[in-house]
Amino acid sequence: MAAAYTEKEIDEIAAWLKEGLSASRIAGRFSARRGSPVSRNAIIGIVHRNAGLRAIGFANPKGGRAGGRPRKHARPDRPGRRGRVAAGGVTLSEPAALSRHAELIEGAGARIKL
């Protein structure tokens, strides 16, 4: 069952959002004021469902993506993705690196066997 939040509680959450507090810190303060435990996820849900709070949003001091986690780098083992290879201090795309490798081997008189 969903908990009902008063206008005063919503206003307090809005003030804390404007101060730049995280969901965890808001949950701690909100729990102390309310007298019952309120989780970080509950605060995120309140902000998500309330248009006024959503417009304020959570502060993101690191900039960029919310959550502060970096994006995962593309893995070269995925089909359809081309990797990059460092060759002689220069980063080359995988096909360029392979052709450069073939040139070096052919220049040395060796044969490439597949």
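This is a short walk through one predicted model, from the overall fold to a few single residues.

Hi everyone, thanks for coming. Please keep in mind that what you see is a predicted model. Let me begin with the whole chain.

The chain carries five helices and two strands. Reading along the sequence, you meet them in the order α-α-α-α-β-β-α. There are 114 residues, and 20% of them count as buried. The surface that the chain exposes comes to about 9,100 Å², with carbon and sulfur atoms supplying 52% of it. As for how the chain folds back on itself, take the contacts between residues at least 6 apart in sequence: 33% of those join residues at least 24 apart.

Now to helix H1, which covers residues 7-19. Does its length fit its residue count, or not? With 13 residues at 1.5 Å a residue, H1 should span 18 Å, and its end C-alpha atoms are indeed 18 Å apart, so the two agree. Just after H1 comes Gly20, which has a positive phi, near 90°.

Which residues of H1 are buried? They are Glu9, Ile10, Glu12, Ile13, Ala14, Trp16 and Leu17. If you look at the spacing in that list, a general point helps. An α-helix has 3.6 residues a turn, so residues three or four places apart point the same way. The cover over the buried residues of H1 includes helix H2 (23-34), helix H3 (40-49) and helix H4 (51-56).

That takes us to the core. The largest nonpolar core has 15 residues, and those with the most contacts inside it are Ile13, Ile26, Ile43 and Leu53. H1, H2 and H3 each supply at least two residues of this core. H1 gives the most, with five residues. Ile13 is a good residue to click on: leaving out residues up to four places away in sequence, Ile13 touches Ile26, Phe30, Ile43, Ile46, Val47 and Leu53.

Next, how do the helices sit against each other? Two packed helices are described by the angle between their axes and the distance between the axes. For H1 and H3, the axes come within 12 Å and cross at roughly 100°. That crossing makes H1 roughly perpendicular to H3. On the H1 side the contact is made by Ile10, Ile13 and Leu17, and on the H3 side by Ile43, Ile46 and Val47.

H2 and H3 give us another pair. Their axes come within 8 Å and cross at roughly 100°. H2 and H3 are therefore roughly perpendicular to each other. Here Ala23, Ser24, Ile26, Ala27 and Phe30 of H2 meet Arg40, Ile43 and Ile44 of H3.

Staying with H3 for a moment, its buried residues are Ile43, Gly45, Ile46 and Val47. These pack against H1, H2 and H4.

Let me zoom in on the loop between H2 and H3, where you find Val38. Is Val38 buried or exposed? Its relative accessible area is 12%, so Val38 is buried. Setting aside neighbours within four places in sequence, Val38 is in contact with Ala27, Phe30, Ser31 and Ile43. Ala27 is eleven residues away from Val38 in sequence, yet their C-alpha atoms are 5.7 Å apart.

One of those partners, Ser31, is in helix H2. Ser31 counts as buried because its relative accessibility is 17%, and the cut-off for buried is under 20%. Not counting residues up to four places away, Ser31 touches Ser36, Pro37 and Val38.

To finish, two arginines, beginning with Arg33 in helix H2. Arg33 has 57% relative accessibility and so counts as exposed. Even so, Arg33 is in contact with Glu12 and Trp16, leaving aside neighbours within four places in sequence. Arg33 also lies 9.0 Å from Glu9, C-alpha to C-alpha, with their positions 24 residues apart in sequence.

The other one, Arg25, is found in helix H2 as well. Its relative accessible area is 60%, so Arg25 is exposed. The C-alpha atoms of Arg25 and Ser39 are separated by 10.0 Å, and the two residues are 14 apart along the chain.

If you keep one picture, let it be the core, with Ile13, Ile26, Ile43 and Leu53 having the most contacts inside it. Thanks for listening!

Methods
Residues numbered from 1 in each chain as written. Predicted model: local features only at pLDDT ≥ 70, side-chain atom pairs only at ≥ 80, totals over all residues. Heavy atoms only, no water. Helix = DSSP H or I, 4+ residues; strand = E, 2+ residues; numbered from the N terminus. Expected span 1.5 Å × (residues − 1). Buried < 20%, exposed > 50% of the residue type's maximum accessible area, 1.4 Å probe, protein only. Contact = heavy atoms within 4.5 Å. Core = buried A, V, L, I, M, F, W, Y, C linked by side-chain atoms within 4.5 Å. Areas by Shrake-Rupley, 256 points an atom, 1.4 Å probe, with all protein chains shown as cover. Axes fitted to C-alpha atoms, helices over the stretch in contact; angles between N-to-C directions. Parallel < 35°, antiparallel > 145°, perpendicular 65-115°, else oblique.
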